[in-house]
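Q: I have a protein model open and I do not know where to start. Can you show me how to read it, feature by feature?

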Amino acid sequence: MAKFIKFIFFILLFFILLNEGNSSCFQCTSFAICHVTVQQIENRPGSAEWVVQITNPYGCSQKNIILSCPGFKPRFKPNPSLITYDANHIYVQPTIPAYGSMSFVYLSVPKFNMVPLSSTVCC
């Protein structure tokens, strides 16, 4: 009987630990997931240098952040460890911790407006 109880205990512990990793993250598609600001930091001949600051004002970390940015095509490729992009979206690579932020710089003639689309929130 003691072996049976010990077996049940370990099975329950295994499922609790297995479920813990899955239940702590969820997809968020709210437009209030993070704050994005784009500011000009330098004006160069034929282009301008812009810094994008992404701030997480919440008590949970966020990963897999996707920004809508139609037509985004900078003059040089930003650091791929920070962002990747296609014609309409920017994919933020690092996880932004609770109350944290990250930034990247790009060169372009027009300023691109960036709107948060979705992220995975982990508490």
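A: Start with one pair of residues. In strand 8, the bridge partner of Lys63 is Thr120. Keep in mind that this is a predicted model.

Q: How many bridges join strand 4 to strand 8, and do the strands run parallel or antiparallel?
A: Pairs like that one add up to a strand pairing. Strand 4 and strand 8 are joined by 6 bridges, and they run antiparallel.

Q: What helices and strands does the protein chain have?
A: Count the elements, then read their order. The protein chain has 1 helix and 8 strands. Along the sequence, the pattern is α-β-β-β-β-β-β-β-β.

Q: Which strands form a hairpin, and how many residues lie between them?
A: Look for two paired strands and the turn between them. Strand 2 and strand 3 form a hairpin, with 2 residues between them. Gly46 sits in the turn and has a positive phi of about 85°. The two strands pair in the antiparallel sense over 9 bridges, with strand 2 covering residues 35-44. Within this pairing, Gln39 stands opposite Val51 in strand 3.

Q: Which strand do 8 bridges join to strand 3?
A: A strand can have more than one partner, so check again. Here 8 bridges join strand 3 to strand 7, residues 101-108, and these two run antiparallel. One facing pair is Glu49 and Leu107, the latter in strand 7.

Q: Why is strand 3 described as largely enclosed?
A: Use relative accessible area. A residue counts as buried under 20%. In strand 3, 7 of the 9 residues are buried, so the rest of the structure largely encloses this strand. Strand 8 is mostly covered too, with 6 of its 8 residues buried. For the whole protein chain, 33% of the 123 residues count as buried.

Q: Is Ser119 buried or exposed?
A: Read the percentage, then apply the cut-off. Ser119 lies in strand 8, residues 115-122. Its relative accessibility is 0%, so Ser119 counts as buried. Now look for a partner. The side chain of Ser119 makes a polar contact with the side chain of Gln62, at 2.8 Å.

Q: Which residue is 6.8 Å from Pro116 in space, C-alpha to C-alpha?
A: Compare the place in sequence with the place in space. Pro116 is also in strand 8. Pro116 and Cys34 are 82 residues apart in sequence, with 6.8 Å between their C-alpha atoms. Pro116 counts as buried because its relative accessibility is 8%.

Q: Which cysteines form a disulfide?
A: A disulfide is a covalent bond between the sulfur atoms of two cysteines. A search of the whole structure finds 1 disulfide. Cys60 and Cys123 form it, with their sulfur atoms 1.8 Å apart. The pair links distant parts of the chain, 63 residues apart. Cys60 is in the loop between strand 3 and strand 4, while Cys123 is in the segment after strand 8.

Q: Why is the disulfide right-handed?
A: Check the torsion about the S-S bond. For Cys60 and Cys123 the value is about 95°, so the disulfide is right-handed. Then check cover at each end. Cys60 counts as buried at 17% relative accessibility, whereas Cys123 counts as exposed at 58%.

Q: Which residues form a nonpolar patch on the surface?
A: Search the surface for nonpolar side chains that group together. Ile41, Phe76 and Val105 form such a patch, with about 240 Å² of accessible area together. Take Phe76 as an example. Phe76 lies in the loop between strand 4 and strand 5. With a relative accessible area of 37%, Phe76 is partly exposed.

Terms used:
Residues are numbered from 1 along each chain as its sequence is written. This is a predicted model: local features need pLDDT of at least 70, side-chain atom pairs count only at pLDDT 80 or more; totals for chains, interfaces and linings use all residues. Side-chain values use heavy atoms; hydrogens and water are left out. Patches are made of residues with over 30% relative accessible area and no salt bridge: like charges are joined within 9 Å, nonpolar side chains (Val, Leu, Ile, Met, Phe, Trp, Tyr) within 5 Å. Accessible areas come from the Shrake-Rupley method with a 1.4 Å probe; for residues, only the protein chains shown count as cover. A salt bridge is a side-chain nitrogen of Lys or Arg within 4 Å of a carboxyl oxygen of Asp or Glu. Helices (H or I, at least four residues) and strands (E, at least two) are DSSP runs, numbered from the N terminus. Buried means under 20% relative accessible area, exposed over 50%, partly exposed in between (1.4 Å probe, protein chains only). A polar contact is a pair of N or O atoms within 3.5 Å; within protein, one must be able to donate a hydrogen and the other to accept it, and residues adjacent in sequence count only if both atoms are side-chain atoms. A disulfide is a pair of cysteine sulfur atoms within 2.5 Å.
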